[in-house]
Each structure stands twice: as C-alpha cells, then as structure tokens.
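Visitor: I'd like a close look at one part of this model, the place where two of its segments cross. Please start there and then follow the chain outward to whatever helps me picture the surroundings.

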Amino acid sequence: MTAQAHTRHATRPSKRQLIIETAERLFAEHGYDATSTARIATEAGVPSGLVFYHFATKLDLLLAVVQERPAPREVLRSTARGRTVRRRLRAIVATMAEELEHDRAARIIVFREAQGRPEIASRAAELFAEATETVACVLTGADDVVADPARVQAAAELVVSRVFLDTVALGQAETATHRHAEMIDLIAESLTGGVRAE
C-alpha cells in the first residue's frame, strides 16, 4: 500500500463509526422510533446485517450514539484560564455554547430520548453532573471568589442549565448572548460579594 493510499484509508471512519454517525443524524432529524435500522444501513452505505453485527439491537445503537460522546471536562477546563469569575464565566459560556452547537444532533437525541428511556436519562444525568462539577471547580479556582461551595455549585448548575436550554432545547445560541451576559454579571456579583473585577 502506498503512503498516500494508507493516509486516505486512515482518515476514513470505520464502518461502525459510520453507522453511529448516520444513526445520530437520522435520530436527530426523525426521532429514534421513526428511524429504522434498514434506513440507517442504506444511508450509511452498508449492508443491514452489519448494523446488527456491531449493535445487537437498535437500542444498543442509540446508546452508542449517546455514550460515545466526548466528555465536557477537559474542554471546559482548558478554556477557562482567566483569573476572575467574570472572565472564567465568559470563557465557560462561550465554550459550552460552541461545543453544544457543534454536537447539536447528539444533544437533541439525549434531550428527546431521555424521556421514557432510563439508559438515556442516566447518561444525560451523568453529562450534566460532570459539566456542573467541572464548571464549579473552574469557578472555585478564580482569584475573586468569596462564596461558599454550595453557592458556587448552584451557580454552576444555573450556567450549565441555561446554556443547554438556549443552545439545544430552544436552538437560540446566537440570540442568547445578551441573556448570557446578564447571567454572567448576576453570578459574578453573587460569587464575588459584589466586588467588580475584570
């Protein structure tokens, strides 16, 4: 195999990954119940038996779509390096909105399918808890935080909930900037005892 052929081969997703990506798109567009495995196979360009080779059931495929998502922890920690609560909040909110918008299909699936599917609801709860814990940790590290840990935790839950709601549930990432700025100011004042630092 030539180096060029090897490079081309290495950049193509595996058949399993192709099935997951196709299922993600179709589940987000049409819903889990309205999407057949035959349609997933057809649109992925694979034999329908290959879907069941990789996933015993359609629910297993849905779980793979939801569970094989990158965790928010490292992305949030790497972006929030400012010294003040306000700077960290701005970075967190911008990063979360961008990541959620980029990964919108999977988030829509989690939001829609969590109702009535305990496995999906459990994964949604894990992702929310991890994001909230990370945001709380990042905020606690700011130089100007004077609030107790319970207040920082409540602020983290508010940030994660609001950005998720605007970006995924309402699809208003672009128009939510003003609301996010107000939220950042309110939370910063609450966590810093009203001391305004930039």
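Guide: Happy to. Helices here are DSSP runs of H or I with at least four residues, strands are runs of E with at least two, and both are numbered from the N terminus. By that rule, L59 lies in helix α5, one partner in the crossing you asked about. The model is predicted, so local features need a pLDDT of at least 70 and side-chain atom pairs count only at pLDDT 80 or more, while totals for chains, interfaces and linings use all residues. Residues are numbered from 1 along each chain as its sequence is written, and side-chain values use heavy atoms, with hydrogens and water left out.

First, the setting. The protein chain has eleven helices and zero strands, and its elements, read from the N terminus, run α-α-α-α-α-α-α-α-α-α-α. Of its 198 residues, 41% are buried (under 20% relative accessible area; exposed is over 50%, and partly exposed lies in between, with a 1.4 Å probe and protein chains only). Counting contacts (heavy atoms within 4.5 Å) between residues at least 6 apart in sequence, 72% join residues at least 24 apart.

Now the crossing itself. Two packed helices are described by the angle between their axes and the distance between the axes. Helix α2, residues 15-30, and helix α5, residues 58-67, have axes that come within 9 Å and cross at roughly 90°. Axes are lines fitted to C-alpha atoms, for helices over the stretch in contact, with angles from 0 to 180 degrees between N-to-C directions. The crossing angle therefore makes α2 roughly perpendicular to α5 (65 to 115 degrees; under 35 is roughly parallel, over 145 roughly antiparallel, and the rest oblique).

On the α2 side, R16, I19, I20, A23, E24 and F27 meet K58, L61, L62, A64 and V65 of α5. Sorted by class, this contact has eight nonpolar, no polar and three charged residues; Ala, Val, Leu, Ile, Met, Phe, Trp, Tyr, Cys and Pro count as nonpolar, Asp, Glu, Lys and Arg as charged, and the others, Gly among them, as polar.

I20 is a good residue to zoom in on. It belongs to α2, and its relative accessible area is 2%, so I20 is buried. Setting aside residues up to four places away in sequence, I20 touches F55, L61, A64, V65 and E68. Its C-alpha is 9.8 Å from that of L63, which is 43 residues away along the chain.

Back in α5, L59 has 25% relative accessibility and therefore counts as partly exposed. Beyond its neighbours within four places in sequence, L59 is in contact with Y32, R117 and E119. The C-alpha atoms of L59 and Y32 are 8.8 Å apart, with their positions 27 residues apart in sequence.

K58 leads us to another helix. T37, which lies in helix α3 (residues 37-44), is in contact with V51, F52 and K58 once its neighbours within four places are left aside. With 15% relative accessibility, T37 is buried.

Returning to α2, have a look at H30. This residue is partly exposed, at 36% relative accessible area. Not counting residues up to four places away, H30 touches T35, R39 and R112. The side chains of H30 and R39 are joined by a polar contact of 3.3 Å (a pair of N or O atoms within 3.5 Å; within protein, one must be able to donate a hydrogen and the other to accept it, and residues adjacent in sequence count only if both atoms are side-chain atoms). H30 and I109, 79 residues apart in sequence, have C-alpha atoms 10.0 Å apart.

Finally, step away to helix α7. It covers residues 85-102, 18 in number, and reaches 25 Å from first C-alpha to last, close to the 26 Å expected at 1.5 Å times one less than its number of residues. Its buried residues include V93, M96, A97 and L100. V163, in helix α10 (residues 149-169), touches those four and H180, again not counting residues up to four places away. V163 is buried, with a relative accessible area of 0%, and its C-alpha is 6.2 Å from that of A97, 66 residues away along the chain.
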